[in-house]
Amino acid sequence: MAADMSYRLGWIDESIKKRTFDILDQAKLPVTPPKGMTVEKFKNIMAVDKKVADGLLRLILLKGPLGGCVFTGEYDRKALDETLRAFCDN
């Protein structure tokens, strides 16, 4: 989901997004949330995540070439909502 959101933010190009998914898939790591996960459930879980500080959710997102990442609370909230909707059962 971080790769998808990073792509939506324009921080990585589509080839890096695809390569990230391919690497995770080849390693047999999950690339989709569990069945029944909704946007509301995700937001409730993220609200108590250890990366929340002073009420701000910080995310680890990809930026630049494969392997580059940032830990940030500065991102477009609309991109987060779009990513959650794309991956979750509504």
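**Leu-66**

I began with the contacts of Leu-66 in this predicted model. Setting aside residues up to four places away in sequence, I found that Leu-66 touches Ile-16, Arg-19, Thr-20 and Ile-23. I placed Leu-66 in the loop between E3 and strand E4 (69-72). Its relative accessibility is 37%, so I noted Leu-66 as partly exposed. I also took one long distance: from Leu-66 to Ala-47 is 28 Å, C-alpha to C-alpha, with the two positions 19 residues apart in sequence numbering.

**Helix H2**

Next I looked up H2, which runs over residues 14-26. I counted 13 residues in H2 and a reach of 18 Å from the first C-alpha to the last, close to the 18 Å expected at 1.5 Å a residue.

Which residues of H2 are buried? I listed Ile-16, Lys-17 and Thr-20. They cover an arc of only 105° around the axis, so they sit on the same side of H2. Two of these names, Ile-16 and Thr-20, are also in my list of contacts for Leu-66. For the cover over the buried residues of H2, I wrote down helix H1 (2-8) and strand E3 (59-62) among the elements included. On the face turned away from the buried side, I found the exposed residues Glu-14, Lys-18, Asp-25 and Gln-26.

**Lys-28**

After H2 I came to Lys-28, and I noted its positive phi, near 60°. Most residues other than glycine have a negative phi. Lys-28 has its positive value although it is not a glycine. I located Lys-28 in the loop between H2 and helix H3 (39-47). Is Lys-28 buried or exposed? Its relative accessibility is 74%, and the cut-off for exposed is over 50%, so I entered Lys-28 as exposed.

**Helix H3**

For H3 I noted Val-39, Phe-42 and Met-46 as the buried residues. Their arc around the axis is only 60°, which puts them on the same side of H3. Against what do the buried residues of H3 pack? I found E1, strand E2 (56-57) and H4. On the other side of H3, I marked Glu-40 and Ala-47 as exposed.

**Val-52**

I then went to Val-52, in strand E1 (residues 52-53). At 26% relative accessibility, Val-52 went down as partly exposed. Leaving aside neighbours within four places in sequence, I listed its contacts as Met-46, Ala-47, Leu-57 and Arg-58. Of these, Met-46 is among the buried residues of H3, while Ala-47 is exposed on the other side of that helix. From Val-52 to Ser-15 I read 30 Å, C-alpha to C-alpha, with the two 37 residues apart in sequence.

**Helix H4**

In H4 I listed Ala-79, Leu-80, Thr-83, Leu-84 and Phe-87 as buried. They cover an arc of only 135° around the axis, so I put them on the same side of H4. What covers them? My list includes H1, H2, H3, E2 and E3.

I also checked Asp-81, which lies in H4. At 24% relative accessibility, Asp-81 counts as partly exposed. Asp-81 and Met-5 are 76 residues apart in sequence, but I read 9.2 Å between their C-alpha atoms.

**The largest pocket**

Last I looked for empty space. Rolling a probe the size of a water molecule over the atoms shows where such space is left. The largest pocket came out at about 300 Å³ in volume.

How many residues line the largest pocket? I noted 16, of which Met-1, Ala-2, Phe-42, Met-46 and Leu-59 lie nearest its centre. The elements that give two or more residues to this lining are H1, H3, E3 and helix H4 (77-87). By class, I entered 12 nonpolar, 1 polar and 3 charged residues for the lining. Phe-42 and Met-46, named here near the centre, had already come up as buried residues of H3. Met-46 had also appeared as a contact of Val-52.

Methods:
Residues are numbered from 1 along each chain as its sequence is written. This is a predicted model: local features need pLDDT of at least 70, side-chain atom pairs count only at pLDDT 80 or more; totals for chains, interfaces and linings use all residues. Side-chain values use heavy atoms; hydrogens and water are left out. Helices (H or I, at least four residues) and strands (E, at least two) are DSSP runs, numbered from the N terminus. The expected span of a helix is 1.5 Å times one less than its number of residues. Buried means under 20% relative accessible area, exposed over 50%, partly exposed in between (1.4 Å probe, protein chains only). The arc is that of the directions from the helix axis to the C-beta atoms. Contact means heavy atoms within 4.5 Å. On a 1 Å grid over the protein atoms alone, a cavity is a set of points where a 1.4 Å probe fits but cannot get out, and a pocket is an open set with protein on both sides within 12 Å along at least five of seven lines; lining residues have an atom within 4 Å of a point. Grid points are joined across faces, edges and corners, and a volume is the space filled by probe spheres set on the points. Ala, Val, Leu, Ile, Met, Phe, Trp, Tyr, Cys and Pro count as nonpolar, Asp, Glu, Lys and Arg as charged, and the others, Gly among them, as polar.
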